[in-house]
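Here are a few friendly notes to read alongside the model. Please keep the structure open as you go through the points.

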Amino acid sequence: MSVVPKTGEAHALPTEERRGVYRAIHERRDVRSQFLPDQIPDVALARLLNAAHHAPSVGFMQPWNFIVIHDRGVRAAVRDAFLRERVRAAALYDEPRRSQFLALKLEGILDAPLNLCVTCDPTRGGPHVLGRSAIPDTDVYSTCCAIQNFWLAARAEGIGVGWVSIVQAEELKRILEIPAPIIAVAYLCVGYVSHFSDTPDLERAGWRRRLSLAELVFADRWGRPETKLRAAFAALSGAP
Ligand SMILES: Cc1cc2nc3c(=O)[nH]c(=O)nc-3n(C[C@H](O)[C@H](O)[C@H](O)COP(=O)(O)O)c2cc1C
């Protein structure tokens, strides 16, 4: 329905609902450590998957599939693949960074009651998907939008999600019997949690800090600082 708004904010959500959206965004965490064993009710999982399925996608391609993984044998195989890749990844760092990397908890594959693999089918929608001609990777971008929807909806439901990318994609595809053209985009650990941390685990571990937003925003051309927004950024509290 097309209605001319009375003011620019006519279609904004009511304040409390807006707060809820921002709260889910700011309090979403990548969770690896604090999973509870409680099973996620089917109706809640269905809501999360439905949130993912309502993500934007290039040409309305909806390239995603979701593999819900309960089987501990499958999960153990993925964890073994993670452990192998972790060793390979550690070798990329010099000391003391290598030891610091190896001390990080970077997955909750067996701790979480549920694992989920989100895939992207680059062939969905045929050879000419509207909007994908110049940037074929927009299929994967769309799948990432679905993953973020799932992640935020999960936070709203009190469910933690951890993304595990320290696994060779080909190994993951073999374990999950994913056919050749399909891309395994994300392997997620999902479950209720004892708590959500205030800050990212990597920040608390001293691995990396949040960058300054003001320094990431440019005006008109690459590299030119957007000074007009500086005061507004400085005044940010997170809530509307
Ligand atoms: C594409 C992607 C891959 C990631 N892979 C891993 C991973 O393999 N292991 C891990 O512990 N966290 C992983 N993360 C989570 C990030 O470390 C985390 O999002 C970041 O440190 C910020 O923390 P936050 O999500 O709690 O805000 C991944 C996140 C993304 C978006």
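1. A good place to start is the largest nonpolar core, which has 28 residues; Cys117, Leu172, Leu176 and Tyr187 have the most contacts inside it. Such a core is a set of buried Ala, Val, Leu, Ile, Met, Phe, Trp, Tyr and Cys residues joined through side-chain atoms within 4.5 Å, where buried means under 20% relative accessible area (1.4 Å probe, protein chains only).

2. Before going further: this is a predicted model, in which local features need pLDDT of at least 70 and side-chain atom pairs count only at pLDDT 80 or more, while totals for chains, interfaces and linings use all residues. Residues are numbered from 1 along each chain as its sequence is written, and side-chain values use heavy atoms, with hydrogens and water left out.

3. Which elements supply at least two residues each of the largest core? They are helix 3 (72-90), helix 6 (169-175) and strand 4 (183-192), taken from DSSP runs (helices H or I, at least four residues; strands E, at least two) numbered from the N terminus. Helix 3 gives the most, with five residues.

4. A second, separate core has 24 residues, including Leu48, Leu49, Leu114 and Leu188.

5. Now to the ligand. Among the residues surrounding it are Arg28, Asp30, Trp163 and Ser165, each with a heavy atom within 4 Å. A polar side-chain atom of Arg28 lies 2.8 Å from a ligand oxygen atom. For Ser165, a side-chain N or O atom is 2.7 Å from a ligand nitrogen atom.

Notes. A polar contact is a pair of N or O atoms within 3.5 Å; within protein, one must be able to donate a hydrogen and the other to accept it, and residues adjacent in sequence count only if both atoms are side-chain atoms. Buried means under 20% relative accessible area, exposed over 50%, partly exposed in between (1.4 Å probe, protein chains only).
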